[in-house]
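Good morning, and thank you for joining this meeting. I would ask you to look at the sequence and the structure together while I speak.

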Amino acid sequence: MTDPKALIVLPRLQVQNANAVSGPLTWGFPSPTAFSGFVHALERRLANSLEEGFGGVGIVCHKFEPQVSQPAGKYTRVFNLARHPVGKDGKTAAIVEEGRAHMEVSLVIGLNDHLDEEDREAFLSELNRTLYLQRLAGGTLLPRRDRRYQPQYWSLPIDRQSQDVLFMKLRRRLLPGFALVQREDRLQQRLAWLRQTDAESNALDALLDLSRLNIEPDVPDPDNPDEKQWGIRKNPGWLVPIPVGYASISPLYQPGEVRNARDNETPFCFVENLYSLGEWVSPHRITTLQQLLWHQQADVEKGIYRCSNRYADFVTNTDINNK
């Protein structure tokens with residue numbers, strides 16, 4: 001995992017009908033794997049213009065509109081479902097049960113190549129043309145002709161101090177919005193806290209404890225100091241459960257060995273979702289570029305294919321039990 005030599009900024013991408021169900025336990029903002037997959041596909045399309053390729057992607061959300069509604073008399077929300085046109089026989093097609101959302105995001109892509117000034121304009125033009133040929137999280141990218149929404153090239157200085165100064169300028173461009181980062185450190189700390197009262201607690205218990213609203217007697221009652229009022233336990237930050245990758249649940253089969261696989265030229269295995277804990281952080285609270293970028297990791301022997309983020313490596317005060 002090397003530091004990038006430059007950055008490609010894709011500002012304010014408007015995505016229509018992105019997938020809002022990334023795993024079996026949660027719905028909402030797409031998984032980081034959707035964005036890393038988008039960048040990987042973009043890298044393959046631009047392979048002739050790059051030698052080292054891309055290295056990581058930062059995700060900043062400016063707007064998120066899930067396509068949901070609340071039926072009359074109900075407390076829960078339901079997805080707005082779509083129905084396909086009538087079939088060839090004239091009968092009504094079935095409803096497609098899937099969650100969709102409109103969103104506006106900015107992507108900060110690490111570039112492992114250094115482009116000369118005379119090559120940058122041609123590369124950005126090719127990137128802009130290629131960008132809208134792809135889908136992001138299953139959604140359609142809507143073109144924006146304003147120059148401020150075009151891809152940008154940011155050359156990174158060699159020394160870290162100058163990089164941090166440049167990143168301070170970049171993060172102001174990402175406001176208003178929230179960056180998605182990983183907080184496995186808070187997950188481990190909450191697990192240790194739960195095991196003080198229940199030694200059999202596991203990581204899923206810690207994830208659920210941080211993701212739900214825990215109502216407990218927490219605040220002293222001003223009218224009766226000897227008693228406490230019931231209230232919602234406060235979490236240290238805007239914490240959310242996120243799927244970050246996949247774990248294999250079968251051996252790795254050779255190409256063509258599994259019938260009806262999508263690709264008969266690539267090894268195949270069955271997988272299940274990997275969940276972790278994420279946090280939405282305002283970009284002005286991120287101090288270094290390394291805190292923003294998500295990277296792909298693969299351990300074929302263990303069957304782990306996931307995305308990781310180093311935000312917690314640069315945070316000093318992570319006491320999760322502060323209320």
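Let me begin with a definition: helices (H or I, at least four residues) and strands (E, at least two) are DSSP runs, numbered from the N terminus. Under that scheme Asn17 belongs to strand S1. What you see is a predicted model, in which local features need pLDDT of at least 70 and side-chain atom pairs count only at pLDDT 80 or more, while totals for chains, interfaces and linings use all residues. Residues are numbered from 1 along each chain as its sequence is written, and side-chain values use heavy atoms, with hydrogens and water left out.

I turn to the chain as a whole. Its secondary structure comes to five helices and 17 strands. The C-alpha trace spans about 75 × 65 × 45 Å along its principal axes. Of the 323 residues in the protein chain, 41% are buried, where buried means under 20% relative accessible area, exposed over 50%, and partly exposed in between, with a 1.4 Å probe and protein chains only. I shall also speak of contact, meaning heavy atoms within 4.5 Å. Among contacts between residues at least 6 apart in sequence, 73% join residues at least 24 apart.

Let us return to strand S1, which covers residues 6-19. Which backbone angle deserves a remark at Arg12? Its phi is near 50°, a positive value in a residue other than glycine. Asn17, also placed in S1, has a phi near 60°, again positive in a residue other than glycine. With 34% relative accessibility, Asn17 counts as partly exposed.

After S1 comes a loop leading to H1, and Trp27 lies in that loop. Trp27 has a relative accessible area of 48% and is therefore partly exposed. Leaving aside neighbours within four places in sequence, its contacts are Ala20, Val21, Pro66, Val68 and Phe79. From Trp27 to Ile286 there are 259 residues in sequence and 26 Å in space, C-alpha to C-alpha.

Val68 appears again among the contacts of Val78, together with Gln67, Ser69 and Pro71, not counting residues up to four places away in sequence. Val78 itself is in strand S4, residues 78-79, and is partly exposed at a relative accessible area of 37%.

The next topic is helix packing. Two packed helices are described by the angle between their axes and the distance between the axes. Helix H1 (residues 32-45) packs with helix H2 (residues 117-131) at an angle of about 125°, and their axes are 11 Å apart. Here axes are lines fitted to C-alpha atoms, for helices over the stretch in contact, and angles run from 0 to 180 degrees between N-to-C directions. The angle makes H1 oblique to H2; angles under 35 degrees count as roughly parallel, over 145 as roughly antiparallel, 65 to 115 as roughly perpendicular and the rest as oblique. On the H1 side Phe38, Leu42 and Arg45 take part, and they meet Leu127, Thr130 and Leu131 in H2.

Ser36 is likewise in helix H1. At 8% relative accessibility Ser36 counts as buried. Beyond the residues up to four places away in sequence, Ser36 touches Val57, Gln296 and Cys307.

Further along the chain, Pro176 sits in the loop between helix H3 (160-173) and strand S11 (178-182). The peptide bond from Leu175 to Pro176 is cis, with omega near -10°.

I come now to helix H5. Which of its residues are buried? In H5, residues 203-211, they are Ala206, Leu207, Asp209 and Leu210. Seen down the axis of H5, these buried residues fall within an arc of 165°, so they line one face of the helix; the arc is that of the directions from the helix axis to the C-beta atoms. They pack against helix H4 (184-194), strand S14 (238-248) and strand S15 (271-281).

Finally, Asp221 is found in the loop between strand S12 (215-220) and strand S13 (228-232). Is Asp221 buried or exposed? At 18% relative accessibility, Asp221 counts as buried. Its contacts, apart from neighbours within four places in sequence, are Glu227, Lys228 and Gln229. Asp221 and Phe64 are 157 residues apart in sequence and 38 Å apart in space, C-alpha to C-alpha.
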